[in-house]
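Please look at the chain shown here and consider on what grounds its features receive their labels.

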Amino acid sequence: MMHRARNGGRGWSAAATVVAVLSTSAGAEPIGPGFTYQGDLREGGVPANGAYDLRFSLYDAASGGSQVATTLCVDNLNITGGVFAVSLDFGAVFAGERRFLEVQVRGDTGLGCGDASGFVVLSRQELTASPFATYAMSAASAATATTASNASLFNGQGPSFYQNAANLTIGTLPNGRLSGAYTGVLNFSNVGNAYSGSGTGLTGLNAGNVALGTLNDARLSSNVAMLAGAQTFTGPKTFSAAASFSALVTPPFSVASTMLVTNLNADRLDGLDSTAFLQAIPVPLNLVGSVAEDGVITASNNSTLVDGAGVAGAITAATGTASGVRGTTDSTSGVGVQGRANATTGATTGVYGVAESSSGRGVFGYATAGSGQAYGGSFRSDSTGGRGVYGLANATTGTTTGVWGQSNSTSGRGLYGYASQLTGATFGVFGVADSTTGTAVFGYATATTGLNTGGSFRSDSTSGIGVRALASSAAGATTGVEGEASSSSGIGVLGEATSGSGSTFGVRGYAASSVGTGVHGWVVGTSGRAIFALSGAGTGLNYGVFADNASTGGRAVYGQATAVSGQNAGGWFESTSPSGFGVVARNVSSGTSAVGLYAESSGLSAVGVQAFISSALGTSWAVQGTNTVVGGRGVIGESEATTGLGIGVHAFSAGDVGRGVSASATSSTGTTYGVFGSATSSSGRGVYGTVSSTSASAYGVYGSATPPAMALYAAGNSGASGVKSFRIDHPADPQGKYLLHFSTEGPEVLNAYSGTAVLDAQGEAEVSLPSYFAAINTDPRYSLTPVGAPMPLLHVAGEIDESALAVGAAAKPGEGIPGVTFRIGGGVPHAKVSWRVEARRHDAWVRAYAPAAEVHKPESEQGTVQHPELFNLPQESRLGFSPEVVDDRPPRPAMLDAAPKP
């Protein structure tokens, strides 16, 4: 078959010949459905040469219709002079119906043939019969391939032969072909054959052949004898004759029912007879048993008499340590004697002891263990208003004691109170005195020397209070805490908060009176301490003194030095922690005029705030300011001097890793500033950073941010006197090296765009630039680079429309911006081209503030250079030169060195 197909739009044409495929093996094997397709491919009338991709599809109509079989693909076929041949095999789809072959072609672009992009579809070609196919058409009436003349005969047999099931000796009949009654015997000889059904209608069964399953009792004859093995009887059993149980190893039978068993002889119960049961109560009576809740012996007395007792024990001997009632327990958590009053109201008593002797004890508890947390007496109350221990000294005169506790141990506790609840206003020990001169809690240390303590209080809570004293009177010279010690090394008041974290207080004083004093210390000695507070922890958020004042014009801490001369101090604060703070001042108010630290000095040469760092090592700060308020400042310094070297804030640090100024704005919202610098001078610097080291890791100004945040951002122009670079960890040695890349400089402000394009069959391509290009660019320049092969005629065939650039530059926000493209021509069909477009930046900023490449230095910078060493000029000519960094701090007060340490 010879056929020519043409596609006028693309200039493709193909002439084809279809040749029936020959057998690929010797012998009498049948011919397969494959065939050879030979073609003559032309492009624009010229025989095609080079690599091409071809796709072949089979249809049942000349146009439209349905595709038959799958598409066959030939990738990267090398064609010379337009001639090619391919083998096609669509499978067994030729059964006498008409078939039409569709061919698609494209120049090879490197894409896989399975990618349908870029193919040109040629007109379909009808496949006509070949000699072999003509012969095969007569096979529709053949009995066999060589002798049959009637297709209704198979293997020489007529249809009736195959309609008789007796002639079918091979294969399996489906279940639907089996039905009806079976008059003959069905013999299931295979073990796997099984009958499934309810058994209804089955007769003549021999029970001896039933080997599995259990028969119901109703199916058993009344003459069936009991089996010899052990039995479980679920129903009542009546033995009309004497039953004989011969089992020797196990009991003859067991009764699981909780009902009474009748007509049994008690002499036969577990080998016991009536003599085994209690005939009289022995003395002493020893009973042993295991009872979960009730006692082994339980006594109940229903009498309402005053002295009635459930259990009464009496010892009539007048001497000796005999016990009326004694309880003993060997359990590690047992109770020797337990008394319980079950009534929920009334003055009930769980255990009540009375001693009439002048030195007797109503209740005496004795723990003989020489170590551990043993208790002589342990008492507990679950009532919301109950008392764990209640002691009453009823006499109205004398030095009576409600509760007396005594410990002879060198580290013991005479009286110990413990409130274990984690919340609520609980009290370990609570004392109340109604007398006008009484004492609610009185501690007395009788030793006249040594570090004795009248009272010691402690809180381990992270927000607890070691001692809390409240003078609740609203008038008068009240005192929250008054402590007095007569010993030469005694302590009037000692407060200790041992927790290493949390808002703990060693001593906290509070006075609600308008003239009251939360804590008042007074010393008359020449070197004494009116108040001494020590926070001994080397780390953590601890406080030597913590003061709180709620008054609108009050002072949380007020110190006054009344001497008119000398280096006296209104307040003295010191921290010995390597990361501690001498003074921390913080105002957490959200007000606009809140001040973290306010210092004022009216002297002529006085200093409002003076901060020193004496440590030359460590992370130390002369002044640290922190701000958590939106719009606030951690530290703000102002200098109103109109002449001279006025300094708003001057900070100096001599530490290796110290910070002259450390500022942090921790608020997660709002326009906060860690450091805010502003300069209104024509040659001023809002923030000026300098570094004298020549190390590559030294920074005049260093900014750090986690992307997409910006470490440094200039709202206006930015510049550099040296090179501009970006730095990353070196991929070959990230821990040992940096990799630097440097910016390309030029006297113009340029934007650059680049990419690659695949040319079409005419060697052309159209490139679209970003949608915003026309709004921010002008004066475009082009660069083209061929990829894979030389293209001497490669050129820009169509430039960007200048009118579109003008419209884009004039567009207002919200108005449409014209899209821009340029065209590439003169290239090799289907080849790749790398392109780059540079254009002058022309956005609103550049149009308003057109940068100039050459500018005159301002008058204040005339005669200076940025790098004098490059021009053999002295360092004094450097821009912003200062002789050296000088420690020009005010002199250190002598009292810092001479003052005695606490």
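The questions below concern a predicted model, and each answer sets a computed value against its cut-off.

Q: Why is the pair C73 and C113 called a disulfide?
A: The sulfur atoms of C73 and C113 lie 1.4 Å apart, and because a disulfide is defined as a pair of cysteine sulfur atoms within 2.5 Å, the pair qualifies; the structure holds one disulfide.

Q: Which parts of the chain does this pair link?
A: The pair links distant parts of the chain, with C73 in strand β6 (residues 67–79) and C113 in the loop between β8 (99–107) and β9 (120–121), 40 residues apart.

Q: What makes C113 count as buried, and why is C73 called partly exposed?
A: C113 has a relative accessibility of 5%, and since buried means under 20%, it is buried; C73, by contrast, has a relative accessible area of 37%, which falls between the 20% and 50% limits and is therefore called partly exposed.

Q: How do you know that R99 is buried, and what does R99 touch?
A: The relative accessibility of R99, which is placed in strand β8, is 9%, and this is under the 20% limit, so R99 counts as buried. Among the residues that R99 touches are L58, Y59, F94 and L127.

Q: Why does the approach of the R99 side chain to the backbone oxygen of V93 count as a polar contact?
A: A polar atom of the R99 side chain lies 3.0 Å from that oxygen of V93, and because the limit for a polar contact is 3.5 Å, the distance satisfies it.

Conventions
Residues are numbered from 1 along each chain as its sequence is written. This is a predicted model: local features need pLDDT of at least 70, side-chain atom pairs count only at pLDDT 80 or more; totals for chains, interfaces and linings use all residues. Side-chain values use heavy atoms; hydrogens and water are left out. Helices (H or I, at least four residues) and strands (E, at least two) are DSSP runs, numbered from the N terminus. Buried means under 20% relative accessible area, exposed over 50%, partly exposed in between (1.4 Å probe, protein chains only). A polar contact is a pair of N or O atoms within 3.5 Å; within protein, one must be able to donate a hydrogen and the other to accept it, and residues adjacent in sequence count only if both atoms are side-chain atoms. Contact means heavy atoms within 4.5 Å. Lists of a residue's contacts leave out its neighbours within four places in sequence.
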